[in-house]
Amino acid sequence: MSNQKKRNFQIEAFKHRVVVDPKYADKTWQILERAIHQIYNQDASGLSFEELYRNAYNMVLHKFGEKLYTGFIATMTGHLKEKAKMVESAQGGAFLEELNNKWNEHNKALEMIRDILMYMDRTYIESSKKPHVHPMGLILWKDNVVHSPKIDKRLLNTLLDLVHKERVGEVIDRGLVRNVTKMFMDLGEAVYQEDFEKPFLEASSEFYKVESQQFIQACDCGDYLKKAEKRLTEEIDRVGHYLDGKSEAKITSVVEREMIANHMHRLVHMENSGLVNMLLNDNYEDLGRMYNLFRRVTNGLATVRDVMTSHLREMGKQLVTDPEKSKDPVEFVQRLLDERDKYDKIITTAFGNDKTFQNALNSSFEYFINLNARSPEFISLFVDDKLRKGLKGIADVDVEVILDKVMMLFRYLQEKDVFEKYYKQHVAKRLLSGKTVSDDAERSLIVKLKTECGYQFTSKLEGMFTDMKTSEDTMRGFYNSHPELSEGPTLIVQVLTTGSWPTQPAVLCNLPAEVSVLCEKFRSYYLGTHTGRRLSWQTNMGTADIKAVFGKGQKHELNVSTFQMCVLMLFNNSDRLSYKEIEQATEIPAPELKRCLQSLACVKGKNVIKKEPMSKDIGEDDLFVVNDKFTSKFYKVKIGTVVAQKETEPEKQETRQRVEEDRKPQIEAAIVRIMKSRKILDHNNIIAEVTKQLQPRFLANPTEIKKRIESLIERDFLERDNTDRKLYRYLA
């Protein structure tokens with residue numbers, strides 16, 4: 001059985017021959033052709049679509065698909081030519097309506113014909129790679145109607161004319177236009193673009209080119225921008241109503257180019273209404289409009305930003321270099337803060353808080369704030385003013401806001417070490433005179449400075465506060481150990497660590513006997529409780545409260561400096577004293593003594609002594625007597641020392657010299673750090689790296705860096721290369 005051959009079974013086709021009527025194809029096509037005529041004539045109610053479908057099916061089955069396909073094309077073409085004539089004959093506004101009606105009729109007919117020829121669509125057309133019934137119907141409509149010589153240009157011109165009418169304010173039938181543009185889209189994207197969109201964009205470009213020229217001649221910048229914005233909104237709205245969505249980017253691009261990009265520079269520089277005018281007048285609405293319009297075009301925002309930066313730098317330069325505006329440091333800094341607030345608000349409100357504009361604002365402020373060498377001093381004086389009196393009655397939150405603004409200006413400074421020098425002096429004066437409004441505000445600013453510049457920057461400042469706290473404890477201990485001192489004058493001593501406080505030359509003077517005794521007792525107590533320390537009195541930094549009785553028995557408590565106290569106490573034993581006698585008795589240096597006497601005798605309302613002859617300046621031949629007629633509505637009278645708020649020129653030179661001296665070791669340390677890690681480096685790279693490393697504190701002078709390199713070579717930290725003299729080596 002296994003050897004038996006396997007038999008293959010085969011099923012053969014039915015051999016009986018089907019005979020087809022030779023006239024079958026013609027008869028069947030006539031039925032279908034008649035049906036297509038009826039459909040186009042809107043007389044299809046009596047048709048049996050099932051029977052028509054079967055006829056078309058049989059034609060394809062009997063290999064007459066080609067006859068059916070060509071017949072359907074010829075019949076449809078004939079009908080469309082008739083429809084084209086009807087459309088052509090329509091006049092005026094009826095033209096588009098007629099076209100739209102015929103298009104709708106054609107679409108309905110096409111759907112019915114496609115249903116009848118569905119089998120041909122799926123089999124014959126699929127295999128012969130010809131266009132399907134529905135796409136073929138659209139092609140025939142395009143070729144015979146839309147591209148008809150008498151319709152083609154007329155249709156385009158009619159549409160463009162309607163768009164133009166709408167642009168100039170006339171009302172048009174948007175629904176009808178939408179139907180026609182949708183017809184273009186249904187005929188294919190290429191048809192829509194070539195037959196309508198491209199000419200539409202060209203016409204729009206010409207329209208806006210002419211209109212923008214008219215507007216720019218007649219309008220100021222703000223009005224022009226309003227019109228441009230309105231036109232953009234209208235075009236976007238137009239796309240939504242009757243154009244293809246993809247046209248939006250193209251038409252807005254045309255408006256942007258013709259109305260904004262082509263007039264960009266003229267608009268921003270427009271006299272009396274351009275960008276600078278808007279900035280000066282805080283015109284947020286127009287600035288916001290300009291930002292939103294210009295951001296749509298290439299280099300638009302860059303143009304706005306450049307003009308704003310240029311204006312800011314020019315305005316800032318005038319602000320910081322004007323001698324009149326530099327007279328009052330507090331007002332000087334307040335103006336800077338006001339300008340900063342102004343432009344911050346503009347950028348936030350009108351420019352969408354754009355980071356590139358923020359950066360431009362920061363770079364502009366950094367540029368002009370450093371044009372005035374006294375900016376670090378003035379910022380410190382501003383802080384001093386605020387922390388002495390300017391923050392009284394202000395909520396903690398608002399204090400933080402002011403301190404944050406000060407820190408913002410501080411960040412712009414290239415010479416932060418100069419600010420540090422002045423700030424330490426001002427903090428010292430505030431702490432020693434007890435004139436700080438808020439310890440919390442003082443510490444808050446130190447924390448901010450520490451965060452910004454590191455521990456080194458604020459370690460000495462923190463040391464000052466520690467000294468003040470320690471001094472309070474020391475004074476409690478002193479009075480506890482000397483209970484007999486509870487009666488008589490009270491001495492309060494602040495013991496300052498030499499390294500933490502700004503160095504000031506000790507100015508000695510002869511203290512009144514009552515005070516001198518107390519000072520010696522304190523010295524004995526302090527040195528007894530702290531071994532290995534030295535005390536030196538800084539009388540020029542002290543203050544005193546003394547009680548005084550004038551001519552008619554009027555009593556006052558005078559708050560004076562230590563030097564002023566020394567002078568006033570002399571009048572307990574003398575009615576009249578000459579300048580020479582006062583100088584001899586107190587041994588106060590002449591410049592200090594003159595300022596001291598000036599504040600006691602020449603300041604209206606504070607003149608507790610009189611001088612002869614009366615004048616504003618103190619002379620060495622002047623005589624002084626107690627002013628018996630002195631009156632004040634206050635019991636406590638503070639008599640300040642006549643001193644310039646800003647430094648005098650010699651003091652300024654001295655501070656600058658101290659800063660330069662302090663910089664030398666910092667530059668040397670930076671050079672050594674860099675060379676230690678790099679071992680070998682050329683001159684230019686050392687300059688660049690040292691400058692970069694020291695930038696957070698100050699802008700190092702290349703000449704000074706070169707001097708420091710020479711100094712390090714002399715001390716054998718570095719050496720020059722034997723062959724290349726600009727190359728340095730690190731010596732371990």
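Here is a short exchange about helix packing, strand pairing, burial and cysteines in a predicted model.

User: What kind of model is this, and how are residues numbered?
Analyst: This is a predicted model, in which local features need pLDDT of at least 70, side-chain atom pairs count only at pLDDT 80 or more, and totals for chains, interfaces and linings use all residues. Numbering runs from 1 along each chain as its sequence is written, and side-chain values use heavy atoms, with hydrogens and water left out.

User: Why is helix 9 called roughly perpendicular to helix 11?
Analyst: Helices here are DSSP runs of H or I with at least four residues, strands are runs of E with at least two, and both are numbered from the N terminus. The axes of helix 9 (residues 174–186) and helix 11 (residues 221–242) cross at roughly 70 degrees and come within 8 Å. Axes are lines fitted to C-alpha atoms, for helices over the stretch in contact, and angles between N-to-C directions run from 0 to 180 degrees. Angles of 65 to 115 degrees count as roughly perpendicular, under 35 as roughly parallel, over 145 as roughly antiparallel, and the rest as oblique. Helix 9 is therefore roughly perpendicular to helix 11.

User: Which residues make that contact?
Analyst: Helix 9 supplies Arg174, Val177, Arg178 and Thr181, and helix 11 supplies Asp237, His241 and Tyr242. Contact means heavy atoms within 4.5 Å. By class, the contact has two nonpolar, two polar and three charged residues. Nonpolar covers Ala, Val, Leu, Ile, Met, Phe, Trp, Tyr, Cys and Pro; charged covers Asp, Glu, Lys and Arg; the others, Gly among them, are polar.

User: What makes helix 9 and helix 10 oblique to each other?
Analyst: Helix 9 and helix 10 (residues 189–218) pack at about 125 degrees, with axes 6 Å apart. That angle falls in none of the named ranges, so the pair is oblique. Thr181, Phe184 and Met185 of helix 9 meet Glu189, Val191, Tyr192, Asp195 and Phe196 of helix 10. This contact has five nonpolar, one polar and two charged residues.

User: Why is Arg289 called buried?
Analyst: Its relative accessible area is 9%. Buried means under 20%, exposed over 50%, and partly exposed in between, using a 1.4 Å probe and protein chains only. Arg289 is therefore buried. Arg289 sits in helix 15 (residues 284–294). Leaving out residues up to four places away in sequence, Arg289 touches Leu225, Lys226 and Glu229.

User: Why does Val276 get another label, partly exposed?
Analyst: Val276 has a relative accessible area of 30%, so it counts as partly exposed. Val276 belongs to helix 14 (residues 275–280). Val276 touches Val268, Val307 and His311, again not counting residues up to four places away in sequence. The C-alpha atoms of Val276 and Val307 are separated by 7.7 Å, although these residues are 31 apart along the chain.

User: How do you know that strand 1 and strand 2 pair?
Analyst: Two strands pair if DSSP finds at least two bridges between them. Strand 1 (residues 543–549) and strand 2 have seven bridges, in the antiparallel sense. Lys555 in strand 2 is the bridge partner of Val549. Five residues lie between the strands of this hairpin, where Gly553 takes a positive phi near 85 degrees.

User: What else pairs with strand 2, and what makes strand 2 mostly covered?
Analyst: Strand 2 runs parallel to strand 6 (residues 636–638), joined by three bridges. Leu558 stands opposite Val637 in strand 6. Six of the seven residues of strand 2 (residues 555–561) are buried.

User: What makes strand 3 and strand 4 edge strands?
Analyst: Each pairs on one side only. Their open sheet of three strands has the order 3-5-4, with antiparallel pairing. The twist averages 25 degrees from one strand to the next.

User: How do you know that Cys602 is not bonded to Cys596?
Analyst: A disulfide is a pair of cysteine sulfur atoms within 2.5 Å. The sulfur of Cys602 is 11 Å from that of Cys596, its closest cysteine sulfur, so the gap is too far for a bond. Cys602 has 28% relative accessibility and therefore counts as partly exposed.

User: How many disulfides does the structure hold?
Analyst: Zero. Cys219 is in no disulfide either, as the nearest cysteine sulfur, that of Cys221, is 10 Å away. Cys219 has a relative accessible area of 15%, so it is buried.
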